[in-house]
Amino acid sequence: MKIIILLLFVICCMLATHFCSPIIEEDDFSSFASPCLQPPTNFKKRYFVHNNIHVTFLEAWRQCQAIGLRLATITSEEDSKLMQETIANSTNTKGPWYIGGTDLGNEGHFVWISTNKPVGHMTGYFNYSPGQPDNAGGSENCLEIGRWGGVVWNDEPCDAKLRYICESVTPNWS
């Protein structure tokens, strides 16, 4: 009986390998890896404006993580429009708020702290306010939006106490 069960198990494994190949390689989508699931091709974003507390950039990053979210990234015009709609529906529509961009450690090369990808990576999308980023005073290393209204980006000292915007990103399996 044990031999039959073992034989059935081996056959099932062989069939799964045959019908579900190729197995997804470890990459950015490794959390979705399964022999039969393909990684999602697009994602759904939701933004959450936090107007109740003023914190530093790193505190904002931690606050988002503490509730299972991440500090907001804006990688397309579609994201910018969604961000603008979210702010318009929030309790306080006057910025500024931290978003997840920083050039700490490599001046002039902003990355999204939530994904460790360079700002503009693969999309080429940037939404800096004219003349920004300017690193005024030599200490502006974190991105904010809403300083002059709208959702254009500005660099700001990371120790400034601002409100912040988190995001959730879920796979769209359609």
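In this tour a residue is called buried when its relative accessible area is under 20%, exposed when that area is over 50%, and partly exposed in between, with a 1.4 Å probe and protein chains only. The model on screen is predicted, so local features need pLDDT of at least 70 and side-chain atom pairs count only at pLDDT 80 or more, while totals for chains, interfaces and linings use all residues. Residues are numbered from 1 along each chain as its sequence is written, and side-chain values use heavy atoms, with hydrogens and water left out.

**First stop: Ser-129**

Select Ser-129, which is buried because its relative accessible area is 10%. Ser-129 belongs to the loop between β5 (117-118) and β6 (142-145), where helices (H or I, at least four residues) and strands (E, at least two) are DSSP runs numbered from the N terminus. Contact here means heavy atoms within 4.5 Å, and, leaving aside its neighbours within four places in sequence, Ser-129 is in contact with Trp-148, Val-152 and Trp-153.

**Second stop: helix α3**

Now select residues 77-88, the 12 residues of helix α3, which should span 16 Å at 1.5 Å a residue and whose end C-alpha atoms are indeed 16 Å apart, in agreement. The expected span is 1.5 Å times one less than the number of residues in the helix.

Which residues of α3 are buried? They are Asp-79, Ser-80, Met-83, Thr-86 and Ile-87. Looking down the axis of α3, you will find that its buried residues fall within an arc of 125°, so they line one face of the helix; the arc is that of the directions from the helix axis to the C-beta atoms. That buried set packs against β1 (42-55), β3 (97-102), β6 and β8 (162-172), whereas on the other side of α3 Glu-78 and Ala-88 are exposed.

**Third stop: the nonpolar cores**

A nonpolar core is a set of buried Ala, Val, Leu, Ile, Met, Phe, Trp, Tyr and Cys residues joined through side-chain atoms within 4.5 Å. In soluble globular proteins, nonpolar side chains tend to be buried together. The largest nonpolar core has 17 residues, of which Ile-74, Met-83, Ile-87, Ile-99, Ile-145, Trp-153 and Ile-165 touch the most other members. At least two residues of this core come from each of β1, α3, β3 and β6.

Centre the view on Met-83, which, leaving aside its neighbours within four places in sequence, is in contact with Tyr-47, Ala-72, Ile-74, Ile-99, Ile-145, Val-151 and Ile-165. Apart from the largest core lies another, of 13 residues, and Phe-57, Ala-60, Cys-158 and Cys-166 are among them.

**Fourth stop: salt bridges**

How many salt bridges does the structure hold? There are 6 of them, a salt bridge being a side-chain nitrogen of Lys or Arg within 4 Å of a carboxyl oxygen of Asp or Glu. Select Lys-45 and Asp-79, whose side chains meet in one such bridge at 2.7 Å, N to O. This pair links distant parts of the chain, with Lys-45 in strand β1 and Asp-79 in helix α3, 34 residues apart, and both residues are buried. Adding Arg-70 and Glu-167 to the selection shows a network of salt bridges that links them with Lys-45 and Asp-79.

Move next to Glu-59 and Lys-161, where the closest N and O atoms of a salt bridge are 3.7 Å apart. Here again distant parts of the chain are linked, since Glu-59 sits in helix α2 (residues 57-66) and Lys-161 in the loop between β7 (153-156) and β8, 102 residues apart. Glu-59 counts as partly exposed because its relative accessibility is 29%.

**Fifth stop: strand β8 and its partners**

Two strands pair if DSSP finds at least two bridges between them. Show β8 together with β1, which run antiparallel and are joined by 10 bridges; in this pairing Lys-44 stands opposite Thr-170 in β8. Strand β2 (residues 70-71) also pairs with β8 in the antiparallel sense, over 2 bridges, and Arg-70 stands opposite Glu-167 in β8. By contrast, β3 and β8 pair in the parallel sense over 2 bridges, and Trp-97 has Arg-163 in β8 as its bridge partner.

**Last stop: Gly-150**

Finally, select Gly-150 in the loop between β6 and β7, a residue that counts as partly exposed at 38% relative accessibility. The C-alpha atoms of Gly-150 and Gln-84 are separated by 6.8 Å, although these residues are 66 residues apart along the chain.
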